[in-house]
Every structure is written in structure tokens, then in C-alpha cells.
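This report goes through one chain by exposure, fold, pockets and ring contacts. The sequence and the model are shown first.

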Amino acid sequence: MTAVAQKTVLTGCLAPIDKKGLEQLIANGKANPQVIKTLKCKTVAEGKFRHANYIRNLAPYIVDEPPGLLGDDTAPNPSEASLAALGSCLAVGLHANAVHRGWTVNKLELELEGDLNITAVWGTGDVSEKPVGFTDVRVKVDMECEGIPQSEIDALVTHVKKWSPVANTFTRPVNLEVSA
């Protein structure tokens with residue numbers, strides 16, 4: 001009996017994605033499109049505005065505030081973490097879709113920035129009527145794929161934005177329940 005080599009798609013400077021595994025995920029999603037997965041996180045205050053977030057069996061994901069917001073500047077603040085989540089989700093989608101199309105990805109970088117009014121100071125400051133949270137978020141994708149014209153990369157970016165769970169969380173209302 002001979003060993004079967006696992007096929008992967010090499011993606012330039014990026015670590016390869018298991019193409020067979022990606023195809024299986026695609027098939028599973030098409031076979032049962034109504035599946036909902038519940039993700040969990042336990043957030044524990046450590047002191048000042050530093051928090052440890054426990055996800056699966058991973059090391060704690062730390063969130064803090066910068067000194068200007070009375071934190072110790074040991075980690076991203078919650079709004080920065082949400083930008084990181086958006087950037088990572090879009091990058092995963094871009095990479096997976098490129099591999100699915102057989103593209104070789106030589107570069108994938110995203111620059112994100114978001115505008116928010118922080119004068120309410122978490123509800124303790126100026127609580128006059130104003131938008132709370134991000135009002136505008138801008139993402140600039142720098143993606144290079146061997147032999148793929150920019151117009152196709154632009155179309156891929158549009159496609160991925162449509163199907164990104166985190167991008168959809170930013171753009172569509174979500175049912176949120178917070179209770180004691």
C-alpha cells in the first residue's frame with residue numbers, strides 16, 4: 001500500500017492552504033447550508049481596562065486600552081480588535097477564494113482604519129445624541145496574484161466582502177442580548 005500525498009496549493013510567500021480540506025469544507029457547506037455554529041468567548045477583567053478573553057483552548061487573547069483611555073497599552077483596545085477581526089476575516093476569505101480559483105497569491109495585506117466618536121466615554125461622558133461605534137471603516141487590500149489582472153482581484157474583493165461573516169456583522173443589524 002502506498003501513502004497518498006496530501007495535495008496543497010502553494011501560494012507564493014503565504015503558507016499553503018490544504019486544497020483538499022478546503023474542497024471538503026465547500027462540499028459540507030453546500031450539503032447543509034442551514035448549519036449554525038455557536039462561537040464562545042469568556043471575558044475576564046484583570047484590572048484597570050485590561051481583559052483576558054478565553055476562546056476554545058487557546059492562550060488568553062488580551063484586550064486593553066491605550067494610556068489616553070486610561071489603560072496600560074498592553075494590547076489592542078476593543079475597537080482595534082474589531083478592526084483586526086474584520087481584516088483577518090477578509091484576508092481568510094481572499095486567500096481561500098484565490099486558492100479555490102487556482103491562483104497563486106504572492107502578497108496579501110490589508111490596511112484598515114475606522115472613525116468613531118469616543119466622547120461618550122463608555123456612557124459616562126457626553127451622552128448627547130450621536131452615533132456610538134464606528135461610523136466609517138475603510139479597508140485597502142493589497143493583493144498580488146501571479147498572472148491575475150487587477151480587475152479580477154477587484155471582483156474577488158467585492159465577492160469576499162459580500163460573504164465575510166465579520167464584514168456582514170459590521171454592515172447588518174445583529175440581534176444582541178446583554179443581561180446580568
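A residue counts as buried under 20% relative accessible area, as exposed over 50%, and as partly exposed in between. E109 has a relative accessible area of 44%, so E109 is partly exposed. This residue, E109, belongs to strand β6. The model is predicted, and the values below are computed from it.

## Overall form

The chain holds 4 helices and 7 strands. Along the sequence these elements follow the order β-β-α-β-β-β-α-β-β-α-α. The radius of gyration of the chain is 20 Å, whereas a compact globule of 180 residues would have a value near 16 Å. Along the principal axes, the C-alpha trace spans about 65 × 40 × 35 Å. Of the 180 residues in the chain, 24% are buried.

## The loop between β5 and α2

Strand β5 (61-63) and helix α2 (78-100) are joined by a loop in which G68 is found. L70 lies in the loop between β5 and α2, and D73 is placed in the loop between β5 and α2 as well.

The relative accessible area of G68 is 72%, so G68 is exposed. L70, at 60%, is exposed too, because the cut-off for that class is over 50%. D73 has 48% and therefore counts as partly exposed.

Two of these residues have a positive phi without being glycine. For L70 the angle is about 70 degrees, and for D73 phi is near 60 degrees.

Two C-alpha distances relate this loop to other parts of the chain. G68 and N32 are 36 residues apart along the chain, with their C-alpha atoms separated by 48 Å. L70 and E109 are 39 residues apart in sequence, and 31 Å lies between their C-alpha atoms.

## Pockets

How much space lies in the largest pocket? Its volume is about 2,200 Å³. The lining of the largest pocket consists of 50 residues, and those closest to the centre are L39, C89, S164, P165 and V166. Elements that give two or more residues to this lining are α1 (19-31), β4 (50-54), β5, α2, α3 (150-163) and α4 (165-171). Helix α2 provides the largest share of the lining, 11 residues.

The second largest pocket holds about 500 Å³ of space. It is lined by 20 residues, with S79, L116, N117, I118 and G133 nearest the centre. In the second largest pocket the largest share of the lining again comes from α2, here with 4 residues.

The table sets out the lining of each pocket by residue class.

| Pocket | Nonpolar | Polar | Charged |
|---|---|---|---|
| Largest pocket | 30 residues | 15 residues | 5 residues |
| Second largest pocket | 12 residues | 6 residues | 2 residues |

## Aromatic contacts

A pair of aromatic rings is described by two quantities, the distance of the centres and the angle of the planes. The count for this model is 2 aromatic pairs. One of them is formed by F49 and W122, with ring centres 5.0 Å apart and planes at 55 degrees. Why is this pair classed as tilted? Planes under 30 degrees apart count as stacked and those over 60 as edge-to-face, so the angle of 55 degrees between F49 and W122 leaves the tilted class.

The pair of F49 and W122 links distant parts of the chain, 73 residues apart. F49 sits in the loop between β3 (42-47) and β4, and W122 in the loop between β6 (105-116) and β7 (134-145). The two residues fall into separate exposure classes: F49 is partly exposed, with a relative accessible area of 30%, and W122 is exposed, with 52%.

A further ring contact involves a charged side chain. R101 lies over the face of W103, and the distance to the ring centre is 5.9 Å.

How values were computed: Residues are numbered from 1 along each chain as its sequence is written. This is a predicted model: local features need pLDDT of at least 70, side-chain atom pairs count only at pLDDT 80 or more; totals for chains, interfaces and linings use all residues. Side-chain values use heavy atoms; hydrogens and water are left out. Buried means under 20% relative accessible area, exposed over 50%, partly exposed in between (1.4 Å probe, protein chains only). On a 1 Å grid over the protein atoms alone, a cavity is a set of points where a 1.4 Å probe fits but cannot get out, and a pocket is an open set with protein on both sides within 12 Å along at least five of seven lines; lining residues have an atom within 4 Å of a point. Grid points are joined across faces, edges and corners, and a volume is the space filled by probe spheres set on the points. Ala, Val, Leu, Ile, Met, Phe, Trp, Tyr, Cys and Pro count as nonpolar, Asp, Glu, Lys and Arg as charged, and the others, Gly among them, as polar. Rings of Phe, Tyr and Trp (its six-membered ring) pair if their centres lie within 6.5 Å; planes under 30 degrees apart count as stacked, over 60 as edge-to-face and the rest as tilted. A charge sits over a ring if NZ of Lys or CZ of Arg is within 6 Å of the ring centre and within 35 degrees of the ring normal. The radius of gyration is taken over C-alpha atoms; the globule rule is 2.2 Å times the number of residues to the power 0.38.
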